[in-house]
Amino acid sequence: MSALIESLRKLQAIDGELYRLRNELKLKPLILEEARQRVAEQQAKAQASDARLKTVQLQHKEKEIELSTKESNTKKLQAQLFQVKTNKEYSAMQQEIERSKADASLLEEDILKVIDVIERAKQEYQQQQAVVAKQQDALKIEEARVSKDLEILKADIAALEDKRKALVPAVAPQTLNTYERILANRDGLAMVPLIENSCGGCHMVQPPQVVNEALIQDKLVMCGSCSRILYADEVADAGAL
Ligand SMILES: [Zn+2]
């Protein structure tokens with residue numbers, strides 16, 4: 001039985017590493033997904049800024065048209081000023097000219113404000129575009145790095161799988177089956193040492209009978225709580241004997 005425990009422990013060392021590497025293989029592309037998500041969010045922000053910029057640019061155009069309409073209206077009124085016959089008409093027209101000029105002056109102030117808003121919107125858009133470009137560069141580097149890491153991971157996994165294949169024939173099929181079932185249910189950890197009479201997996205204190213059986217090693221001994229296979233680490237437990 002001791003030889004079997006030894007084989008299972010060797011298998012566990014490989015399977016534990018395989019579990020860790022296969023997990024990494026699954027998680028690494030997810031990190032990339034998050035980075036891609038961040039780029040997409042930043043791109044959306046830049047697009048929103050661009051839309052705001054276009055809106056204020058349109059407002060600017062409209063106000064310029066309005067201003068030139070007011071200005072030509074003022075000119076038209078000024079030309080008409082010489083054709084009026086009475087003083088009353090003259091002063092009424094002068095008042096109208098003043099109103100038109102005042103309207104134009106307000107519009108000019110508005111336009112200056114809109115130009116200011118445009119400048120700020122442009123800056124904001126450019127800053128966001130710069131962030132997008134920077135994130136895209138970083139993403140490319142990250143993608144290259146992850147793809148290289150994945151290649152290494154796959155090679156490491158293949159090498160461990162080969163090692164595993166060489167170990168498997170030493171374990172009886174039924175025992176292997178039990179071991180593999182626990183391995184799958186217990187996050188890649190099926191074989192655990194007894195540590196001061198407690199399970200090395202779930203830390204549950206084991207009854208004396210289980211501890212003795214684990215020391216004798218003439219059959220597979222499971223933890224009553226997590227079902228992992230227990231083994232007595234001879235060096236660590238030498239004092240207990
Ligand atoms: Zn346990």
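Contact means heavy atoms within 4.5 Å. This is a predicted model, in which local features need pLDDT of at least 70, side-chain atom pairs count only at pLDDT 80 or more, and totals for chains, interfaces and linings use all residues. Residues are numbered from 1 along each chain as its sequence is written, and side-chain values use heavy atoms, with hydrogens and water left out.

**Exercise 1. Find where L67 sits and list what it touches, leaving out residues up to four places away in sequence.**

Step 1. Locate the residue. L67 is in helix α1. Helices (H or I, at least four residues) and strands (E, at least two) are DSSP runs, numbered from the N terminus.

Step 2. Check its exposure. The relative accessible area of L67 is 8%. Buried means under 20% relative accessible area, exposed over 50%, and partly exposed in between (1.4 Å probe, protein chains only). So L67 is buried.

Step 3. List the contacts. L67 touches A104, L107, E108 and I111.

Step 4. Compare sequence and space. L67 and D103 are 36 residues apart in sequence. From C-alpha to C-alpha they are 8.4 Å apart.

**Exercise 2. Do the same for Q42 and L32, two other residues of α1.**

Step 1. Take Q42. Its relative accessible area is 11%, so Q42 is buried. Beyond four places in sequence, Q42 touches Q128, V131, V132 and Q135.

Step 2. Take L32. Its relative accessible area is 8%, so L32 is buried. With neighbours within four places set aside, L32 is in contact with L139, E142, E143 and V146.

Step 3. Relate the two. L32 and Q42 are 10 residues apart in sequence and 15 Å apart in space, C-alpha to C-alpha.

**Exercise 3. Describe how α1 packs with α2.**

Step 1. Choose the descriptors. Two packed helices are described by the angle between their axes and the distance between the axes.

Step 2. Read the values. Helix α1 covers residues 2-80 and helix α2 covers residues 87-167. They pack at an angle of about 165°, with their axes 6 Å apart. Axes are lines fitted to C-alpha atoms, for helices over the stretch in contact, and angles run from 0 to 180 degrees between N-to-C directions.

Step 3. Name the arrangement. Angles under 35 degrees count as roughly parallel, over 145 as roughly antiparallel, 65 to 115 as roughly perpendicular and the rest as oblique. Therefore α1 and α2 are roughly antiparallel to each other.

Step 4. Give the hand. The crossing of α1 and α2 is left-handed. A crossing is left-handed if the near helix is turned anticlockwise from the far one by less than a right angle, and right-handed if clockwise.

Step 5. Sort the contact residues. In the contact of α1 with α2 there are 35 nonpolar, 14 polar and 31 charged residues. Ala, Val, Leu, Ile, Met, Phe, Trp, Tyr, Cys and Pro count as nonpolar, Asp, Glu, Lys and Arg as charged, and the others, Gly among them, as polar.

**Exercise 4. Describe how α1 meets α3.**

Step 1. Read the geometry. Helix α3 covers residues 173-185. The axes of α1 and α3 come within 12 Å and cross at roughly 35°. This crossing is right-handed.

Step 2. Name the residues. From α1 come L4, L8, L11, Q12 and D15. They meet T175, L176, Y179 and L183 of α3.

Step 3. Sort them. The contact of α1 with α3 has 6 nonpolar, 2 polar and 1 charged.

**Exercise 5. Which residues of α4 are buried, and which are exposed?**

Step 1. List the buried ones. In α4 (residues 208-216), V210, V211, E213 and A214 are buried. They cover an arc of only 165° around the axis, which puts them on the same side of α4. The arc is that of the directions from the helix axis to the C-beta atoms.

Step 2. Turn to the other side. There, P208, Q209 and I216 are exposed.

Step 3. Find the partners. The buried residues of α4 pack against β1 (191-195) and β3 (229-231).

**Exercise 6. Place D187 and N197, and give the phi of each.**

Step 1. Take D187. It lies in the loop between α3 and β1. Its phi is positive, about 50°, although D187 is not a glycine. At a relative accessible area of 54%, D187 is exposed.

Step 2. Take N197. It is in the loop between β1 and β2 (198-199). Its phi is near 65°, a positive value in a residue other than glycine. At 35% relative accessible area, N197 is partly exposed.
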